[in-house]
Amino acid sequence: MLLSNTIQTITYINYFTPNGDGYNDRWNIYLPTEYEAVITIYDRYGKLLKQISPETTGWDGIFNGELMPSTDYWFKVEYTEDNTRKEFKSHFSLKR
């Protein structure tokens, strides 16, 4: 018997550089709309900075009108796959 499963991989850029040059100025993860994904971004201490969806332009590295420093930020992606709610966590870097 041959069993086959499709596995969704979540890919994202490891860093972004919001300096206005038009390259990697925003950070986001792009998933199919039917996944109903919610992406939550935190600082290193677990403080909630931004909640976005794959349909938005993403995060620009600003929190409460202030430029966030160059460092690592953590994120959680909650999404639905095969009628099951799933979660993926990892981190990325902001470089200024």
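Which residue in β6 is the bridge partner of Val-38? The partner of Val-38 is Glu-78. This report, based on a predicted model, starts from that pair and proceeds through the sheet, the nonpolar core, the loops and the overall dimensions of the protein.

**Strands and sheet**

The protein contains seven strands and zero helices, so that its pattern along the sequence reads β-β-β-β-β-β-β. Five strands form an open sheet with mixed pairing, in the order β1-β7-β6-β2-β3. Its edge strands, each pairing on one side only, are β1 and β3. In general, the strands of a sheet pair through backbone hydrogen bonds, in either a parallel or an antiparallel sense.

The pair Val-38 and Glu-78 belongs to the antiparallel pairing of β2 with β6, which extends over five bridges. Glu-78 also has a bridge partner in β7, namely Glu-87. Glu-78 is thus bridged to Val-38 and to Glu-87.

β6 and β7 run antiparallel and are joined by eleven bridges. One of the bridge pairs between these strands is Trp-74 with His-91 in β7. The two strands form a hairpin with two residues between them. At the sheet edge, β1, which covers residues 15–16, pairs with β7 in the parallel sense over two bridges. Here the bridge partner of Phe-16 is Leu-94 in β7.

**The largest nonpolar core**

The largest nonpolar core has 20 residues. Those that touch the most other members are Trp-27, Ile-29, Ile-41, Trp-59, Tyr-73, Val-77 and Phe-92. Two or more residues come from each of β2 (38–42), β3 (48–52), β6 (71–81) and β7 (84–94). The greatest contribution is that of β6, with four residues.

Val-77 illustrates the surroundings of a core member. Beyond its neighbours within four places in sequence, Val-77 is in contact with Ile-29, Leu-31, Ala-37, Val-38, Ile-39, Lys-86, Glu-87 and Phe-88. Two of these contacts, Val-38 and Glu-87, also appear in the bridge pairs described above: Val-38 is paired with Glu-78, and Glu-87 is likewise paired with Glu-78.

**Loop residues and backbone angles**

Most residues other than glycine have a negative phi. Positive values nevertheless occur in the loops of this model, as at Glu-36, where phi is about 45°. Glu-36 lies in the loop between β1 and β2 and counts as exposed because its relative accessibility is 54%. In the turn of the β6–β7 hairpin, Asp-82 has a positive phi of about 55°. Asn-83, in the loop between β6 and β7, has a positive phi near 60°. With a relative accessibility of 80%, Asn-83 also counts as exposed.

A further loop residue is Lys-47, located between β2 and β3. Is Lys-47 exposed or partly exposed? Its relative accessibility is 44%, and Lys-47 therefore counts as partly exposed. Apart from residues up to four places away in sequence, Lys-47 touches Ile-41, Tyr-42 and Phe-63. Ile-41 is among the core residues that touch the most other members. Lys-47 and Glu-87 are 40 residues apart in sequence, and their C-alpha atoms are 18 Å apart in space.

The accessibility of three loop residues is summarised below.

| Residue | Relative accessibility | Class |
|---|---|---|
| Glu-36 | 54% | exposed |
| Lys-47 | 44% | partly exposed |
| Asn-83 | 80% | exposed |

**The protein as a whole**

Along the principal axes, the C-alpha atoms fill a box of roughly 55 × 25 × 20 Å. Of the 96 residues, 36% are buried. The exposed area is about 6600 Å², of which carbon and sulfur atoms supply 49%.

Among contacts with a separation of 6 or more, 52% involve residues 24 or more positions apart. The protein carries 10 positive and 13 negative charges, and the mean positions of the two groups are 6 Å apart.

Key
Residues are numbered from 1 along each chain as its sequence is written. This is a predicted model: local features need pLDDT of at least 70, side-chain atom pairs count only at pLDDT 80 or more; totals for chains, interfaces and linings use all residues. Side-chain values use heavy atoms; hydrogens and water are left out. A nonpolar core is a set of buried Ala, Val, Leu, Ile, Met, Phe, Trp, Tyr and Cys residues joined through side-chain atoms within 4.5 Å. Buried means under 20% relative accessible area, exposed over 50%, partly exposed in between (1.4 Å probe, protein chains only). Contact means heavy atoms within 4.5 Å. Two strands pair if DSSP finds at least two bridges between them. Accessible areas come from the Shrake-Rupley method with a 1.4 Å probe; for residues, only the protein chains shown count as cover. Lys and Arg count as positive and Asp and Glu as negative; His and the chain ends are not counted. The place of a charge is taken as NZ of Lys, CZ of Arg, CG of Asp or CD of Glu.
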